Amino acid sequence: LECRAEGNPPPRTRCARHGGTGDGDPHHGDPHHGGPTRARGSRVVSRADAGRYLCRATNRHGVATRNVVVTVECEWGIRGG
């Protein structure tokens, strides 16, 4: 999950799964947190990736946050190939 924000000065952004422990959370601050890749930075997701995430943008003027709910719909089997 990628977190984007605009501001002056440009904010630092992080996205962490709710219930994570900050820097120890494998999803913390890394939109492409491992796993098999498909193309240009995307990766294969699984049902385990579903859940609530907190995206945070911070600069010297303050902090803005947004909660995001991710739902993963799966098909059994692989098509194409």
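This tour moves from the whole chain to the sheet, and then to single residues before and between the strands.

**Before starting**

The model is predicted: local features require pLDDT of at least 70, side-chain atom pairs count only at pLDDT 80 or more, and totals for chains, interfaces and linings use all residues. Residues are numbered from 1 along each chain as its sequence is written, and side-chain values use heavy atoms, with hydrogens and water left out.

**Stop 1: the whole chain**

Select the protein chain and display it as a cartoon. Its secondary structure comes to 0 helices and 3 strands, where helices (H or I, at least four residues) and strands (E, at least two) are DSSP runs numbered from the N terminus. Read from the N terminus, the elements follow the pattern β-β-β.

Next, switch to a surface display. The accessible surface of the protein chain is about 6500 Å², and 49% of that belongs to carbon and sulfur atoms. Such areas come from the Shrake-Rupley method with a 1.4 Å probe, and for residues only the protein chains shown count as cover. Of the 81 residues, 17% count as buried. Here buried means under 20% relative accessible area, exposed means over 50%, and partly exposed lies in between (1.4 Å probe, protein chains only).

Contacts complete the overview. Among those between residues at least 6 apart in sequence, 45% join residues at least 24 apart; a contact means heavy atoms within 4.5 Å.

**Stop 2: the sheet**

Select residues 12–17 and 62–70, which are β1 and β3, and add residues 51–59, which are strand β2. The three strands form an open sheet in the order β1-β2-β3, with antiparallel pairing. Strands β1 and β3 stand at the edges with a single partner strand each, so one side of each is left without a neighbour in the sheet. From one strand to the next, the twist averages 20°; the axes are lines fitted to C-alpha atoms, for helices over the stretch in contact, and angles run from 0 to 180 degrees between N-to-C directions.

Two strands are said to pair if DSSP finds at least two bridges between them. In general, strands of a sheet pair through backbone hydrogen bonds, either parallel or antiparallel.

**Stop 3: the two pairings**

Start with β1 and β2, which run antiparallel and are joined by 6 bridges. Select Arg-12 and look across to Thr-58 in β2, which stands opposite.

Move on to β2 and β3, which pair in the antiparallel sense over 9 bridges. Leu-54 stands opposite Asn-67 in β3. Asn-59 has Gly-62 in β3 as its bridge partner. The connection from β2 to β3 is a hairpin through 2 residues.

**Stop 4: the loop between β1 and β2**

Select Asp-49, which lies in the loop between β1 and β2. Asp-49 counts as buried, at 10% relative accessibility. Now add Ser-46: its backbone nitrogen lies 2.9 Å from a polar atom of the Asp-49 side chain.

**Stop 5: the segment before β1**

Which residues form the salt bridge? Select Glu-2 and Arg-4, whose closest N and O atoms are 3.3 Å apart in this salt bridge. The term denotes a side-chain nitrogen of Lys or Arg within 4 Å of a carboxyl oxygen of Asp or Glu. A search of the whole structure finds 1 salt bridge. The side chains of Glu-2 and Arg-4 also make a polar contact (3.3 Å). A polar contact is a pair of N or O atoms within 3.5 Å; within protein, one must be able to donate a hydrogen and the other to accept it, and residues adjacent in sequence count only if both atoms are side-chain atoms.

Glu-2 has its place in the segment before β1, and Arg-4 lies in that segment too. Glu-2 is partly exposed, with a relative accessible area of 48%, whereas Arg-4 is exposed, at 69%.

Two C-alpha distances can be drawn from here. Glu-2 and Cys-55, 53 residues apart along the chain, have C-alpha atoms separated by 8.5 Å. For Arg-4 and Arg-56, which are 52 residues apart along the chain, the C-alpha separation is 9.0 Å.

**Stop 6: a cis peptide bond**

Finally, select Asn-8 and Pro-9. The peptide bond from Asn-8 to Pro-9 is cis, with omega near 0°, and Pro-9 is placed in the segment before β1. In general, most peptide bonds are trans.
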